[in-house]
Each structure stands twice: as structure tokens, then as C-alpha cells.
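Please open the model in your viewer and keep a selection panel at hand. The tour below moves from one selection to the next and says what can be found at each stop.

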Amino acid sequence: MSAPPPKFENRNPELPQFWQERFAARFTPWDSGAAPRQAQEFVRDHAPRTVLLPGCGNAWEVACFAAYGWTPLALDFAPAAVQQARARLAQQDPALAACVQEGDFFSWQPAQPLGAIYERAFFCALPPAQRVRIVQRWAELLPEGGLLFGYFFIDPAADAVRGPPFTIQAPVLQGLMETAFDCLVDQAASDSIDVFAARERWQVWRRRVAHGISQSQESQ
């Protein structure tokens, strides 16, 4: 019989303290413990780019992306997540540990232009009210032709009102993304962990010509 989850004080996933408590307690059931298969194949098969990993957590993908010549910039606003990721990566290569930064995705500015953004359990970690803001920020950070690739937690029945993780319906996601992106790939995830099983999609989106998100989208 598995042990009950720890009791936490903070219940607001929009705050760093929420995630700080969970990383400090090493309670991270959303953590795959490795770079997922489709992500590995994607970076292997595409020309290297500078890629942002927002909400990176333990940043398992950093070493994999770097091994294929990509320049990973991993970002998290929970100090415990950053410390744990850096400590683990430093055992492989101090240069990899330096790829992990502490910061807020919505205000962070890259020191070099991005060519891609990797999505893994970040979009679904924040409440639905933040979705337009996230997509808008992705669009701001990526140039025309930039790639957004990764995993989306999709439920065909309904959007989750409780979480994290928060599911989203495919038409809702499409409506948000098509304001600035074109979908290139949409497949079932090949190796989801239990918390995401049967409801995770591997998707690749390409940034269209910058034009911003409409006021009608922002008001939803």
C-alpha cells in the first residue's frame, strides 16, 4: 500500500511556493525521470536550435538536447527545482548545470534569440485562466518559423476545473494556438507516465508571422 502524499500549505499553483513545497518534499508525481522518447527523436532529427524549457523541474531533457547539439535554456521559478536540477546535471557536466536558471516565465528575457520552446507539463500545471497568457508569451518569445514542440494533456470530455494537472479539450487548445501557430504534428504520446496516460498528445507547432493575439481571445 502506497504512502499518502505529504500535506502541503500552499494550494495555488500560480505561486512559486506551491512548487517549492513539492520539490522540497520530493513529491513530483508528474516527473518522468527521463527525456521522453518523441522529444529525443525530435531533437535528433532536427537541426540544432536554442530551446527554452519553461517550468523545467528536474530538467531531464537538458542533457539529451545538448547531446544532439541543441542549446537548452531550462527555467523554473521554484528554487528547490532549480537546485535539484543543477546538482544532478553537475554530476554529468558543470556546463549542463549552468543551463538551468531561476526565473518567472512571464517576465524572463533570453540573452540570445530562441529557435524553439519545449512544452512538458508546464501548460497543464497552471490554471486555465493563464492559458491565453501562456500562448501569448510563447508567441512573443519565438520568431517566425520558430518551433513549439512537446506534450499536451488533453481530455476529449471536458476541461479540468481542478488540478494540477489541468486537462484541456482539443478544440479549445486549437482555438488558442491557431492565433499564432500552425500545427505540424499531432500524435498520441508513446511513453506517458501514469498521471498523463491515455490523455497526452505529442504536438509540434510552428510560429506564424507575428501578429499577436486578438482582443477577443484575451477576453475569453
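Select Gln 101 together with Trp 108, and display both side chains: in this predicted model they make a polar contact with each other at 2.9 Å. Gln 101 belongs to strand β3, which covers residues 100-102, and with a relative accessibility of 26% this glutamine counts as partly exposed. If you extend the selection to everything that Gln 101 touches, leaving out residues up to four places away in sequence, you will pick up Leu 73, Ala 74, Leu 75, Asp 76, Val 82, Arg 86 and Trp 108. For one of these partners, Val 82, a distance can be checked in the viewer: its C-alpha atom is 6.7 Å from that of Gln 101, while 19 residues separate the two in sequence.

Next, move to Leu 73, which is one of the residues touched by Gln 101 and which sits in strand β2. Is Leu 73 buried or exposed? Its relative accessibility is 9%, and because the cut-off for a buried residue is under 20%, Leu 73 counts as buried. Its contacts, again not counting residues up to four places away in sequence, are Thr 50, Val 51, Leu 52, Leu 53, Cys 99, Gln 101, Trp 108, Gln 112 and Leu 114. Trp 108 is therefore worth keeping on display, since it appears in the contact list of Leu 73 and also in that of Gln 101. For a pair that is separated in space, draw a distance from the C-alpha atom of Leu 73 to that of Pro 128, where you should find 25 Å between two residues that are 55 apart along the chain.

Now select Gln 130, in the loop that runs between β4 (116-119) and α6 (131-141). Which side chain does the side chain of Gln 130 meet in a polar contact? The partner is the side chain of Glu 14, at 2.6 Å. Once neighbours within four places in sequence are set aside, Gln 130 is in contact with Glu 14 and Phe 106. Although it lies in a loop, Gln 130 is buried, with a relative accessible area of 12%.

Stay in the loop between β4 and α6 and select Ala 121. Its phi is near 60 degrees, a positive value in a residue other than glycine, and at 17% relative accessibility Ala 121 counts as buried. A second residue of this kind can be selected in the loop between α1 and α2 (37-45), where Arg 26 is placed. Arg 26 has a positive phi of about 55 degrees although it is not a glycine, but with a relative accessibility of 63% it counts as exposed.

Go on to the loop between β5 (147-153) and α7 (170-177), and select Pro 164 with Pro 165, which is placed in that loop as well. Two peptide bonds deserve inspection here: the one from Gly 163 to Pro 164 is cis, with omega near 0 degrees, and the one from Pro 164 to Pro 165 is likewise cis, with omega near 0 degrees.

With Pro 164 still selected, turn to the largest pocket, whose volume is about 840 Å³. It is lined by 43 residues, and the closest to its centre are Trp 19, Trp 30, Ala 121, Ala 125 and Pro 164. The elements that give two or more residues to this lining are α1 (16-24), β1 (50-54) and β2 (71-76), and the largest share, 4 residues, comes from α1. If you colour the lining by class, you will see 27 nonpolar, 7 polar and 9 charged residues.

Then select Ala 198, in the loop between β6 (181-188) and β7 (200-207). Ala 198 is exposed, with a relative accessible area of 83%, and its C-alpha atom lies 15 Å from that of Cys 124, although the two are 74 residues apart in sequence.

Finally, colour the model by pLDDT. The mean over the protein is 92, and 93% of the residues reach 70 or more. Over residues 212-220, however, the pLDDT is below 50, and this stretch has 12 contacts in the model beyond near neighbours in sequence.

Methods
Residues are numbered from 1 along each chain as its sequence is written. This is a predicted model: local features need pLDDT of at least 70, side-chain atom pairs count only at pLDDT 80 or more; totals for chains, interfaces and linings use all residues. Side-chain values use heavy atoms; hydrogens and water are left out. On a 1 Å grid over the protein atoms alone, a cavity is a set of points where a 1.4 Å probe fits but cannot get out, and a pocket is an open set with protein on both sides within 12 Å along at least five of seven lines; lining residues have an atom within 4 Å of a point. Grid points are joined across faces, edges and corners, and a volume is the space filled by probe spheres set on the points. Ala, Val, Leu, Ile, Met, Phe, Trp, Tyr, Cys and Pro count as nonpolar, Asp, Glu, Lys and Arg as charged, and the others, Gly among them, as polar. pLDDT is the predictor's confidence in each residue, from 0 to 100. Contact means heavy atoms within 4.5 Å. Buried means under 20% relative accessible area, exposed over 50%, partly exposed in between (1.4 Å probe, protein chains only). A polar contact is a pair of N or O atoms within 3.5 Å; within protein, one must be able to donate a hydrogen and the other to accept it, and residues adjacent in sequence count only if both atoms are side-chain atoms.
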